[in-house]
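User: Hey, I've got a model open here and could use a hand reading it. Can we walk through the strands and then the chain contacts?
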Amino acid sequence: MPDPLVFMMGKFEARIPTDRQYFESHLWAQMNGDLLRVGFTSYAVRLLQDVYFLDWQIDPDSNVRHKQAIGEIESSKATSTLYAPADGRVVRFNEALLNDPSLINADNHERGWLYEFETSSTLLQPDEYIKVLDAGWERTQQVLKNQFNE
Amino acid sequence: MKSLKGDLVVLGWLYPRAIRWVLDRNGVKGKAGESRLNKIEDENQDEDDEQQSGIEKDSESVSQGIGALDVPNRLIFAIDLRDDPDPQTYVKEIERISNVMTVPLVQLSGIGFQSSSPSQNGQSETNGATNLNGTPHLNGFAHTNGSAINHESPSAVAPASEPKVIAGDGIRRRWYPVIDYSRCTNCMECIDFCLFGVYGVDLLDRILVEQEDNCKKGCPACSRVCPANAIVFPEHKTPGIAGAEGGPAEDFKIDLSKLFGAPSALEMAVLERDVELVADGRDAVGATVGIPKRQAGASTKPRDALDDLMDGLDALDV
């Protein structure tokens, strides 16, 4: 496998493997059989830190719209609603995570995948995702800082 | 609960606003009593001013809301049980409220009213009290399971006793909005936005939740488009939609939703509505129908002849 790209989050190296594609909402996607397997990027996992709760609000095999809320995640530091990254179909969820969502931290690029997805939307290439991260880093820091200050 | 006519303390696993307006929607009406629990810190509140603590908040009466209709002169204290796991907290608060509310009766004791009559269930006392210029008096507590108990023996709510469950597992949970009329401005954005016929208006053209069961389970879209944040879905996960009072102080965790692709409130509402439309076999309408408009720049344009005509028609009152 070729070397991953790296995005520096301060001193932390977020590794962006080049064997897959990306969504702007900090998810990777990789073909697995006929389906796109989707998971959190290292950037997302670094923001979340230790995940201890994951809940899906939709049933497997559901059509979803871009930005539709499909689940909730909570970690030691943060919470977030999870949104569909594009119009498409969420075919099934990674059942291993339902018992132990910490796999997201331990192995986000492989065993910690979230769900399998079908979509006809265009995805980002790794270098394009890096550009998204570059462009958004300042805003990300703002979101983090503003909320720390509240 | 409709049979309980006096002041009420209602405890539930919901935000106080949600409790109050669910009761209102179901015909259990009253003014908002102010509990010391579930409160966002208010520096203006004098801790020693016991008289004040039972009286409706000023902010509600001066707010822009249209207010609830036919509100009897009694107080409903809604208390959220999720704030503190210790039952004593609630027992103490109930005792405090009970003491505050019985103060006027102590003053009247010379003409035959006793504040302490443990053998009574309070009903007859209350009838007497309301005859006397409507003096507020606490006649009992309504548990969420509907049982009334005597205020003189708070130990009767002792945590040791098993709660009586009257709504068992077999009962379908309902999902529908309740309107907080202390905030609602009757702007009609909700009735324009919802395409499922949940909303209607009463004889006075006030907005109301008319067909609760038309509401789509899990969909809070109308709440997101409400400019006054007056639509409460008591069981929604988002505190602001479930009737929490304040801002984002609920949770000290960072909310990453914006970074993880969260849509704006309006984008979200449009999506949620489309999902339910499609589930009903109807066509998604996206942002083409019922998008909030009245609030934006409503007063920026000068009056014109059409405004005069419309006001003239309104004035005819036909």
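Analyst: Sure. Strand 7 of chain A pairs with strand 10 (residues 88–93) of chain A in the antiparallel sense, over 3 bridges. Keep in mind that this is a predicted model.

User: Which residue is the bridge partner of A:Ser62?
Analyst: That's A:Val90, in strand 10 of chain A.

User: And what's the strand order in the open sheet of chain A?
Analyst: The order is 3-4-5-11-10-7, so to speak left to right on paper: 6 strands with antiparallel pairing.

User: Which strands stand at the edges?
Analyst: Strand 3 (21–23) and strand 7 (62–64) of chain A. Each has a single partner strand, so one side of each is left without a neighbour in the sheet.

User: How many degrees does the twist average?
Analyst: From one strand to the next, the twist averages 40 degrees.

User: OK, switching to the two chains. How many residues are in contact?
Analyst: On chain B, 18 residues are in contact with 23 residues of chain A.

User: Which elements of chain B supply at least two residues to that side?
Analyst: Strand 10 (254–255) and helix 8 (265–279) of chain B. Helix 8 of chain B gives the most, with 4 residues.

User: What kinds of residues are on that side of chain B?
Analyst: They split into 9 nonpolar, 7 charged and 2 polar.

User: Back to strands for a sec: what does strand 10 of chain B join up with?
Analyst: Strand 9 (residues 78–83) of chain A, through 2 bridges, and the two run parallel.

User: Which residue is opposite A:Ala78?
Analyst: B:Ile254, in strand 10 of chain B.

How values were computed:
Residues numbered from 1 in each chain as written. Chains lettered and ligands numbered in written order. Predicted model: local features only at pLDDT ≥ 70, side-chain atom pairs only at ≥ 80, totals over all residues. Contact = placed C-beta atoms within 7 Å. Nonpolar A, V, L, I, M, F, W, Y, C, P; charged D, E, K, R; others polar. Pairing = 2+ DSSP bridges. Axes fitted to C-alpha atoms, helices over the stretch in contact; angles between N-to-C directions.
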